[in-house]
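Got your viewer open and a selection box ready? Here is a short walk through one model, stop by stop.

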Amino acid sequence: MTIIVFLVDTSASMAMKTYMGTTVLDFARKTIEEFLKQLTIRQSRDQQRDRYMLMTFDEYPNNVKVRLAGKKE
């Protein structure tokens, strides 16, 4: 089992617009969503359950957004 940690910057600078018109934070969110989509496809094929956490640079405990999701019960 692999534990994957996504550490996302949520500071004001992430509100900058990209050349596509979306924010940098939107781009980060979409990248994580696509990664998790691909991970789900692989896991359904391999029957392996990786776990992941989503964290920010905020102060603890506000920095933990998702704690060890993907755990097979």
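What follows is a list of things to select, with a note on what sits at each one. Keep in mind that this is a predicted model.

**Stop 1: a nonpolar patch**

Start by selecting Met1, Ile3, Val5, Leu7 and Phe57 and turning on their surface. Together these residues make a nonpolar patch on the outside, with about 550 Å² of accessible area between them. Now pick Val5 out of the group: Val5 belongs to strand β1, which covers residues 3-8. Is Val5 buried, exposed or partly exposed? Its relative accessible area is 46%, so Val5 is partly exposed.

**Stop 2: the largest pocket**

Next, go to the largest pocket, whose volume is about 160 Å³. Show Val8, Ala28, Arg29, Ile32 and Leu54 as sticks: of the 13 lining residues, these are the closest to the pocket centre. If you prefer to colour by element, β1, α1 (24-46), β2 (51-56) and β3 (64-69) each give two or more residues to this lining. Which element gives the most? That would be α1, with 5 residues in the lining of the largest pocket. Switch to colouring by residue class and the lining splits into 9 nonpolar, 2 polar and 2 charged residues.

**Stop 3: a salt bridge along α1**

How many salt bridges does the structure hold? There are 2, and you can visit both. Keep Arg29 selected from the pocket and add Glu33. These two form a salt bridge, and the closest N and O atoms are 3.0 Å apart. Both residues are in helix α1, 4 residues apart, which is about one turn of the helix. Glu33 is partly exposed, at 43% relative accessibility, and Arg29 is partly exposed too, with a relative accessible area of 38%.

While you're on this helix, click on Thr31, which also lies in α1. Thr31 has a relative accessible area of 41%, so it counts as partly exposed. Draw a distance from the C-alpha atom of Thr31 to that of Asp50: the two residues are 19 apart along the chain, and their C-alpha atoms are separated by 18 Å.

**Stop 4: the other salt bridge**

Now select Asp58 and Lys65. Their side chains meet in a salt bridge, at 3.6 Å from N to O. Where is Asp58 found? Look in the loop between β2 and β3. Asp58 is partly exposed, with a relative accessible area of 34%, and Lys65 counts as partly exposed at 43%.

Stay on Asp58 and add Thr10. In sequence they are 48 residues apart, yet in space the C-alpha to C-alpha distance is 8.0 Å.

**Stop 5: a cis peptide bond**

For the last stop, select Tyr60 and Pro61 and show the backbone. The peptide bond that joins them is cis, with omega at about 5 degrees. Why stop for this one? Most peptide bonds are trans. Pro61 has its place in the loop between β2 and β3, and Asp58 is in that loop as well.

**Before you close the session**

For one last view, show the two salt bridges together: Glu33 with Arg29, and Asp58 with Lys65. Then bring back the largest pocket, where Arg29 is among the lining residues closest to the centre.

How values were computed. Residues are numbered from 1 along each chain as its sequence is written. This is a predicted model: local features need pLDDT of at least 70, side-chain atom pairs count only at pLDDT 80 or more; totals for chains, interfaces and linings use all residues. Side-chain values use heavy atoms; hydrogens and water are left out. Patches are made of residues with over 30% relative accessible area and no salt bridge: like charges are joined within 9 Å, nonpolar side chains (Val, Leu, Ile, Met, Phe, Trp, Tyr) within 5 Å. Accessible areas come from the Shrake-Rupley method with a 1.4 Å probe; for residues, only the protein chains shown count as cover. A salt bridge is a side-chain nitrogen of Lys or Arg within 4 Å of a carboxyl oxygen of Asp or Glu. Buried means under 20% relative accessible area, exposed over 50%, partly exposed in between (1.4 Å probe, protein chains only). On a 1 Å grid over the protein atoms alone, a cavity is a set of points where a 1.4 Å probe fits but cannot get out, and a pocket is an open set with protein on both sides within 12 Å along at least five of seven lines; lining residues have an atom within 4 Å of a point. Grid points are joined across faces, edges and corners, and a volume is the space filled by probe spheres set on the points. Ala, Val, Leu, Ile, Met, Phe, Trp, Tyr, Cys and Pro count as nonpolar, Asp, Glu, Lys and Arg as charged, and the others, Gly among them, as polar.
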